[in-house]
Amino acid sequence: MNTILVGLQWGDEGKGKVIDYLCSDRDVVVRFQGGNNAGHTVVLDGKKFVFHLIPSGILRKDKICVIGNGVVIDPKVLIDEIKYLRNNDVDISPKNLKISPLSHVIMPYHPTIDALKEKDRAHEIGTTKRGIGPCYMDKVSRCGIRMIDLVDPLEFSLKLKYNLEEKNVIFKKVYNYEGFDFDSIYNEYMEYAKVLKPYICDLVEYFYQQKDKSFLFEGAQGAYLDVDFGTYPFVTSSSVVASNALLGSGLSFVKIDNNIGVAKAYTTRVGEGPFPTELNDEFLDFFRNKGVEFGATTGRPRRCGWLDLVLLRRSVIINNITDLVITKLDVLGGLDNINVCTAYKCKGESLKDFPYSLEGIEPIYKEFKGWDDDISEIREFSQLPEEAKEYIDYIEKFLKVKVKFISVGEKREAILSKNN
Ligand code: GDP
Ligand code: IMO
Ligand code: MG
């Protein structure tokens with residue numbers, strides 16, 4: 001069974017938790033895009049792990065975790081993550097972690113330019129300032145440095161020199177910033193190269209020989225942060241949609257069986273940009289406090305709002321979703337009423353087509369009755385309060401996709417199958 005799993009909203013849907021759960025019967029977990037802008041949380045035996053680059057399957061023994069060519073890698077972050085896991089008794093070695101030689105490397109000038117550009121922009125994007133956008137820019141403009149270059153001292157020094165010659169002029173002229181010193185970067189990155197070299201693996205050949213293994217592709221971010229289909233320009237710099245999974249891993253020979261979409265039972269967003277169902281009243285405090293809605297990467301408070309089915313319907317189409325996972329249903333408990341956006345209007349008129357800009361959009365809500373019970377210990381769909389069942393049934397009918405799992409808490413076991 002081969003599955004692509006992606007986020008359907010603005011990220012932080014709980015993908016990490018679902019990947020950790022689902023991969024119990026898979027062999028290989030693959031990240032195919034993004035970088036350490038991602039923060040995927042897995043809570044195991046009361047301990048919280050936040051993964052930025054390593055796939056969320058690493059806590060399960062005997063899984064092979066793969067960082068594909070579509071990912072941008074900050075080597076220091078990756079090495080720190082490996083060390084952190086080892087210190088927490090997680091086995092990690094070139095046997096269970098493999099990195100594509102073609103992944104691009106985040107260099108020290110990337111986070112700096114990310115932060116400087118943000119200051120200069122007319123409309124701040126609210127990036128994670130991890131250098132993701134600038135690294136992808138260099139990849140596309142063909143001056144990027146790949147993992148295979150990092151582990152070749154001569155190639156690395158030539159590419160670093162070339163980049164610094166150009167970038168230091170831009171830093172000085174455009175941003176009045178002093179720029180970067182070749183020697184210190186070279187020495188620092190040669191140390192990283194030594195640590196990471198054993199993990200580099202020609203994924204295409206390696207996995208082509210093992211086509212019968214079962215693969216789980218772990219998307220980062222969410223559909224509305226996609227560089228094409230998201231709320232541009234308030235997006236990330238990679239293709240986050242399911243169709244990029246094979247391209248971003250090079251594993252095009254893997255036949256995909258299903259595309260799982262993960263959505264929170266409400267909506268959140270970190271950073272700037274339009275958000276039709278955003279709340280700014282006591283409900284915002286409710287979701288932020290009960291759902292602990294603070295970024296797993298930057299710690300920024302997440303913006304919160306009601307579930308938006310208009311957005312989700314579009315994500316389902318774009319990602320060709322075959323199964324849904326609804327997370328954080330437990331967070332809704334205790335509300336008298338729950339709103340769900342089922343249509344949009346703009347300037348008083350209801351919209352027939354999906355708008356290309358969400359600016360100025362007003363949501364039209366359908367109201368559902370809430371429930372009071374704590375559902376976090378429930379493991380059978382039939383045991384859920386009737387109101388919670390109605391909520392899930394409505395989502396299924398509206399989106400015309402079956403809900404496969406419902407997550408009701410951060411712990412690994414706090415999940416139930418809908419058994420359609
Ligand atoms: P990701 O980026 O999609 O992997 O999601 P994050 O890890 O950034 O954010 C999801 C947060 O919600 C994490 O703190 C998870 O531990 C937590 N979480 C996941 N599923 C559930 C759930 O069903 N209920 C509750 N209460 N928390 C959850
Ligand atoms: P996971 O995988 C939530 C957002 C940033 C910002 C925009 C661009 O944990 O769901 P970037 O640094 O990528 O250039 O920032 O994208 N963003 C995320 N928001 N979850 C994420 O990842 C995100 N990755 C990027 O907040 O608005
Ligand atoms: Mg996250």
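Author: Buried means under 20% relative accessible area, exposed means over 50%, and partly exposed lies in between. The model discussed here is predicted.

Reader: Why is Asp12 called partly exposed?

Author: Its relative accessibility is 22%. Partly exposed covers values between 20% and 50%, so Asp12 counts as partly exposed.

Reader: What makes Arg302 and Asp12 a salt bridge?

Author: Their side chains meet at 3.0 Å, N to O. The cut-off is 4 Å, so the pair qualifies as a salt bridge.

Reader: Which parts of the chain does that pair tie together?

Author: Arg302 lies in the loop between helix H9 (282-290) and strand S12 (303-305). Asp12 lies in the loop between S1 and H1. The parts are therefore 290 residues apart in sequence.

Reader: Is Arg302 buried or exposed?

Author: Buried, because its relative accessible area is 7% and the limit is under 20%. Arg302 and Asp12 are also linked with Lys264, Glu293 and Lys328 in a network of salt bridges.

Reader: What makes Asp12 a donor to the magnesium ion (ligand 3)?

Author: Asp12 (OD) and Gly39 (O) coordinate this ion at 2.1 to 2.2 Å. Donors must be within 2.8 Å of the metal, so both atoms count. Gly39 sits in the loop between strand S2 (28-31) and strand S3 (40-44). The pair therefore ties together parts that are 27 residues apart in sequence.

Reader: How do you know that Gly39 is buried?

Author: Gly39 has 11% relative accessibility. Buried means under 20%, so Gly39 counts as buried.

Reader: Why is the pair Asp20 and Arg60 called a salt bridge?

Author: The closest N and O atoms are 3.9 Å apart. The cut-off is 4 Å, so the pair counts. Asp20 lies in helix H1 and Arg60 in the loop between strand S4 (47-51) and strand S5 (64-67).

Reader: Why are Asp20 and Arg60 called buried?

Author: Asp20 has a relative accessible area of 1%. Arg60 has 18%. Buried means under 20%, so the term applies to Asp20 and to Arg60.

Reader: What makes Glu178 exposed?

Author: Its relative accessible area is 64%. Exposed means over 50%, so Glu178 is exposed. Glu178 forms a salt bridge with Lys172, which is partly exposed at 37%.

Reader: What makes the link from Asn2 to Phe215 a polar contact?

Author: The side chain of Asn2 reaches the backbone nitrogen of Phe215 at 2.7 Å. The limit is 3.5 Å, so the distance fits. Asn2 is buried, at 9% relative accessibility.

Notes:
Residues numbered from 1 in each chain as written. Chains lettered and ligands numbered in written order. Predicted model: local features only at pLDDT ≥ 70, side-chain atom pairs only at ≥ 80, totals over all residues. Heavy atoms only, no water. Donors = N, O, S within 2.8 Å, 3.2 Å for Na, K, Ca; no water. Helix = DSSP H or I, 4+ residues; strand = E, 2+ residues; numbered from the N terminus. Buried < 20%, exposed > 50% of the residue type's maximum accessible area, 1.4 Å probe, protein only. Polar contact = N/O pair within 3.5 Å; in protein donor to acceptor, adjacent residues only side chain to side chain.
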